[in-house]
Amino acid sequence: MTLLDILPSLRYAATPRLDPAIWPLTTGVDAQGRITVGRVALTDIADEFHTPAYVLDETDFRTRAQRYREALRGTEVVYAGKSLLTTAVARWVAEEGLGLDVCSAGELATALAGGVAPERIVLHGNAKACDDLRNAVDVGVGRIVLDSSMEIAYLAGLARKRQRVLIRVTPGIDVAGHRAVATGVCDQKFGFTLADRQAAQAAARVLATPQLDLVGLHCHIGSQVTDPLLYGEAIRRLITAMADIRHAHGVVLTELNIGGGHGVPYVGGDDALDLGALAGVIDETLDSACAAERFPRPRLVVEPGRAISARAGVTLYRVCAVKAQPGGRTFVAVDGGMSDNPRVGLYGAKYTVALANRHALGPTMRVTVAGRHCEAGDEIVRDVDLPADIHPGDLLAVAGTGAYHHSMASTYNMVGRPPVVAVRDGATRLLVRRETTADLLARDVG
Ligand SMILES: *Cc1c(COP(=O)(O)O)cnc(C)c1O
């Protein structure tokens, strides 16, 4: 019997409360109180690869991909690579039977290098460069999602054989009241609006272009969406638009891509989009909307990014300094910040943090975890309770950093970007090495 068995209250204090809704699926705590992911102690990763470092739970990522396929049978799942993409991640995606969304030549090259079949790739972008389009056509991507009239003309000139395309429409669904970042409303840069017939005109133009094979419509209503009914509304509006196209041109489109944006929790109590509920809404709405328009049921496609990649990731930071400002907050300064996590500054994002290298015994204190960059707003987590004896050298783990962290990292202050380290079944694998000062200087050719 250990001390911890005798003193339940002490055990409570000794085990960081790691909310399974927030932390990677394989997260645990070992006998020394160290947080483990994939049966690897995070301190071992910090020792070997140094900090800051992105840790990826391969099991978490693959399991979430599998859950999508199981919950949404009959629906094609296309992973949004912009949330997190390396060649290994692309391989996991392909192995789990998902398609892959890309929005640049770099993402496309990464997907191909990871072994993703070109026909399973969808190309997005509201301002695709001519080179991006040429490249995509040359490698034979499965779908290109058209976002402007200019692009229709460009693509017609580039296509050697008939290219399958979708038209991106903005269905005018306001998700702003739903803790989401809105992209499906009219006054923004993406897509063709349904309301004033821009989408109908785009469809007419594409249908009149023999090099382009219009297979369907696409929309993306926003991000961090937790209400599945919003997707039902999108389906209804797009089926109506597809019926209008049939009426005007006698063409039946067979594909309906409702985008991604599925919400995930970052702190305890946050909602997530429920996959079972989404499956139900998709089924019922497709049935009723298609029946109402007497339209044949199209193949449905979803494009989750964050919902597959976010919870697989944890960022490790070393504590550099602890500073109690007289009359102000207590700051725990760490060796990373806005260069590896721009979401706090961009969106006011909230995170969950835990001490990762030892038992968190004793009292706690309220602190702000601050980054290392020369910017007052460079904070990672504000007003969080951490052990009062936290000190330089301690290791902090921040959860929910799989999506839009590695992919959005910068080199602000000439700080090299962190490595990406995958863990699985007790083994670590370096996926992306740390960016060095030599890497940064190598680009400076002046
Ligand atoms: C960003 C994006 C996604 C993925 O968004 P998540 O919030 O990561 O699910 C899917 N489709 C398109 C077109 C996007 O722009």
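Which backbone atom of Gly261 lies 2.8 Å from an oxygen atom of the ligand? In this predicted model, the atom of Gly261 in question is a backbone N or O atom.

**Ligand site**

The ligand is surrounded by 16 residues, of which Lys82, Gly261, Glu303, Arg306 and Tyr404 come nearest. By class, this shell divides into 3 nonpolar, 8 polar and 5 charged residues. The table gives polar contacts made to oxygen atoms of the ligand.

| Residue | Atom on the protein side | Distance to a ligand oxygen atom |
|---|---|---|
| Lys82 | polar side-chain atom | 2.5 Å |
| Gly261 | backbone N or O atom | 2.8 Å |
| Gly305 | polar backbone atom | 3.0 Å |

Taken alone, the ligand exposes 390 Å², and the protein buries 93% of that area. The ligand takes up the space of the largest pocket.

Lys82 thus appears both among the residues that come nearest to the ligand and in the table, where a polar side-chain atom makes the contact. Gly261 is likewise one of the nearest residues, with its contact made through the backbone. For Gly305, the contact with the ligand oxygen also involves a backbone atom.

**Domains**

The domain assignment splits the protein chain into domain 1, made up of 3-57 and 311-441, and domain 2, which covers 124-303. Over C-alpha atoms, the centres of domain 1 and domain 2 are 37 Å apart. Where the two domains are in contact, domain 1 supplies 9 residues and domain 2 supplies 5 residues. Glu303, one of the residues nearest the ligand, is the last position of domain 2 in this assignment.

Definitions and conventions. Residues are numbered from 1 along each chain as its sequence is written. This is a predicted model: local features need pLDDT of at least 70, side-chain atom pairs count only at pLDDT 80 or more; totals for chains, interfaces and linings use all residues. Side-chain values use heavy atoms; hydrogens and water are left out. A residue is near a molecule or strand if one of its heavy atoms lies within 4 Å of it. A polar contact is a pair of N or O atoms within 3.5 Å; within protein, one must be able to donate a hydrogen and the other to accept it, and residues adjacent in sequence count only if both atoms are side-chain atoms. Accessible areas come from the Shrake-Rupley method with a 1.4 Å probe; for residues, only the protein chains shown count as cover. On a 1 Å grid over the protein atoms alone, a cavity is a set of points where a 1.4 Å probe fits but cannot get out, and a pocket is an open set with protein on both sides within 12 Å along at least five of seven lines; lining residues have an atom within 4 Å of a point. A molecule sits in a cavity or pocket if more than half of its atoms lie within 2 Å of its grid points. Ala, Val, Leu, Ile, Met, Phe, Trp, Tyr, Cys and Pro count as nonpolar, Asp, Glu, Lys and Arg as charged, and the others, Gly among them, as polar. Domain bounds come from an automatic or database domain assignment. Contact means heavy atoms within 4.5 Å.
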